[in-house]
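Subject: The structure we talked about

Hi,

Here is the structure I promised to pass on. Have a look at it first, and then read my notes underneath.

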Amino acid sequence: MPATSSSIFDFPEFAPSTPIVAAGRTEAETLTVGSGFAAKSNPHPSGGRYLEATSASSQAGGVFAGARGYYDLTVGYFDETDGQSIMEVLVNGEVVHSFEWNATNGTSIVTAASKAEAFIPQVLLKPGDVIELRGAADGGEPLRTDYLDVSERTPVSDPQDFSLEAEDLNVISGFQVVRNGAASNDHVLQHSSGNLARANFTMDQSGTYDLTINFFDEHDGVSELWISINGQEVDRFFWDSSTGSSIANHSSKAAHVIQGLELEAGDVVEFAGRGDGGEPLRLDSLNFKVSENGNPPTQQPPDLWYEDGDHIVVALNDGTGAFTEVVTNITTDVTHSQNGSVSGGSAFLSADLNGDGYNDFLKVFHSATSVPEIPRDLVSVPFSYDVTTEVYLNDGHGNFSLGASSTERMDVEIYGYAAEFPRLPDDLFKAFDAGDIDGDGDVDYLAGSYHSESIYVFENDGQNNFSLQARSYLELGSNRNEAKLGDMNGDGLLDAVVLNGYDRNSVIVMTNDGSGGMTYVDSIMPSEAPAGNSQLIDLDGDTDLDVLVIAGGDARGIHTYLNDGNGYYVRDWLGIIVNGEYYEGGEIGSVAAGDFDGDGKVEVVTAAYMDEEYGVPRGLRVFDIVDSGGDLEFEEASYDASIVGSVLAPEDYDADGDLDLLIISDGVRMLVNDGAGNFVLSDPVVEDFVTSEYSGAPQVGRGVFHALDEFAL
């Protein structure tokens, strides 16, 4: 089929009624005239009449009445020698052929010698297609048009749905096939070299399709992809998720839909783009569905998980933000106190560990029940204990079974200052976050130890057995240490952002050497108490990950670590200090960031920011991040005094295309977003729970633990 292009003419919307027959001739004078044509009699045209221009530009057309198929079109006209008219042939508004009437032989009037034909081969036509003739007369040649012939049909088979794995595309440049267990066929097409990655394939059937592009939209970069048909761009979009995960796993899976693509056999479909930061443009698969003008599919809304007393609970989302709680058989090993609280216990991380698309659990614990007393004349003493990592695999319905268990012997030095007031189990060893740290396609995890001044990386052998891969020196604080993984320097590797506990009270960035070794880069100390409630997100719009935290102490408030792109702190402070002098009752609560109003920029939300003594009442506040004379600052955009609590976990829970929030407020509720950053407080969505995991608020994890169609009626 000939390539299409846009018309040079600007006519109003046109709805012709003349039927254009297949395998026959339609006389031009029978076409519906839109503008600038009139029928004239003459003995030389085939039906004794033709269309002739009556103005500078002219338009006529009809509606195709044949069966779907490929047809050759022929336009008969009189190409006189006293002008150079032009004509376009269009199908459904797209130009399939254009030509000049530039004969130099023949005659300057309508005679048999000036007859001419324009031939347009293999045009796909369907019943109801609008065929137009548009043209401009020139000089003494008034665009005399005789007929439109349509050939016998070349049949075309009915289109069928089909899918392609991205790794099966023809790579032109910059892409390579990389193994990934979360991908649909265990592999992705990943931008790995050069400034531009390109891949394509050639259609072997024709039809109108809705194309779903499945990819991994990680939150540690803003990649870009564009799609072209025969060299003409048809769509472009950014991979700009601020939620999900910083690695290619089920939490970062995403889909983009292009509706109504008209494709013909032989068309070349190309995908081109650039990775950004730690997001190296990972394409998973392509689904072509024969278009029915339906709504595009949406990404499955996340489920929840949390520690509740003695067990891990998953709360399964029905797709609307309504949750069904399932108490799992995974025990937490916490210690209960008389006041109803719990402490200690094992550490839990959730990720897709077997590549089936569902979140599983890592349970990490150690064997030590005490640490040795250290004589004052010694700095440290040797100590050994065992770290056990258990993997609980999900059956896709929120039921879990033990899939693997591995134990690593830890031979360490215990330092005297740390052993003086031991807080077990966490100060000796605690797992912080899971991700593909060494880049081999499986899930590893990051851990730390106050007692032995260490950050650890435990490596997955690909069969969910874990062993110590690397130890990096770092003086952690006592209690309330935590860390997250994210690409802070744009090299594609997961780095560590460590929130140091008591007496250290700092936010530290450590970069990954590719084999799990972490090197200190930079740090800030927001306040005299530990920071918490961290979120890695691009706050300032420069495409690298920044860090958002809250902190207690004299400078309690909202604080940020603005990244220069290499992991170093930009020395421009952005935050809110509630009060410079600590007093009982002043709280910041928790904080969450995301693009809540759909403007492409990040907003920050808190619902417990208060300083009653200084006239700052509690309530839900939404802050814009604005540029004030070259400096960034928080600017309050809205305030609702009726909503108070600890916000957390920004996600699209009700699948309406915007970010909602959870809030701890007389139970666990949802803040339902109207798409413009205005929130409505829901009824409780899950029961109150008792947990030992706090970071500004009780911790709630997200993931996909079941197939959404389980809830289909």
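Below is what I found, going from the whole chain down to single residues.

First, keep in mind that this is a predicted model.

**The whole chain**

What is the chain built from? It holds one helix and 54 strands. If you follow the C-alpha trace along its principal axes, it spans about 120 × 55 × 50 Å. There are 713 residues, and 56% of them are buried. Now take the contacts with a separation of 6 or more: 60% of these are between residues 24 or more positions apart. The accessible surface adds up to about 28,800 Å², and carbon and sulfur atoms own 45% of that.

**Charges**

How many positive and negative side chains are there? The count is 32 positive and 121 negative. The centres of the two sets lie 3 Å apart. On the surface you can also find a patch of negative charge, where E325, D666, E687 and D688 gather. To find E325, go to strand 27, which covers residues 323-331. Is E325 buried or partly exposed? With a relative accessibility of 31%, E325 counts as partly exposed, because that label covers values between 20% and 50%.

**Some backbone details**

A bit of background helps here: most residues other than glycine have a negative phi, and most peptide bonds are trans. With that in mind, look at these three spots.

- The peptide bond from L424 to P425 is cis, and its omega is near 10 degrees. P425 sits in the loop between helix 1 (416-419) and strand 34 (430-435).
- A23 is not a glycine, yet it has a positive phi of about 55 degrees. You'll find A23 in the loop that runs between strand 1 (19-20) and strand 2 (24-27). Its relative accessible area is 43%, so A23 is partly exposed.
- D333 is not a glycine either, and its phi is positive at about 65 degrees. The loop between strand 27 and strand 28 (335-336) is where D333 belongs. D333 is partly exposed too, as its relative accessible area is 42%.

**Two buried residues to click on**

Start with L31, in the loop between strand 2 and strand 3 (32-35). Is L31 buried or exposed? Its relative accessible area is 6%, so L31 is buried; the cut-off for that label is under 20%. Which residues does L31 touch? Not counting residues up to four places away in sequence, L31 touches T18, I20, T26, A60, G61, G62 and L133. Try measuring from L31 to G398 in your viewer as well: these two are 367 residues apart along the chain, and their C-alpha atoms are separated by 64 Å.

Then go to T74, which is part of strand 7 (residues 69-78). T74 has a relative accessibility of 14%, so T74 counts as buried. Again leaving aside neighbours within four places in sequence, T74 is in contact with E117, A118 and F119, and also with Y147, L148 and D149. Select those residues together with T74 and you can see the contacts for yourself.

That's everything I have for you. Enjoy looking around!

Cheers

Terms used
Residues numbered from 1 in each chain as written. Predicted model: local features only at pLDDT ≥ 70, side-chain atom pairs only at ≥ 80, totals over all residues. Heavy atoms only, no water. Helix = DSSP H or I, 4+ residues; strand = E, 2+ residues; numbered from the N terminus. Buried < 20%, exposed > 50% of the residue type's maximum accessible area, 1.4 Å probe, protein only. Contact = heavy atoms within 4.5 Å. Areas by Shrake-Rupley, 256 points an atom, 1.4 Å probe, with all protein chains shown as cover. Lys, Arg positive; Asp, Glu negative; His and termini not counted. Charge placed at Lys NZ, Arg CZ, Asp CG, Glu CD. Patch = residues over 30% accessible without salt bridge, like charges linked within 9 Å, V, L, I, M, F, W, Y side chains within 5 Å. Salt bridge = Lys/Arg side-chain N within 4 Å of Asp/Glu carboxyl O.
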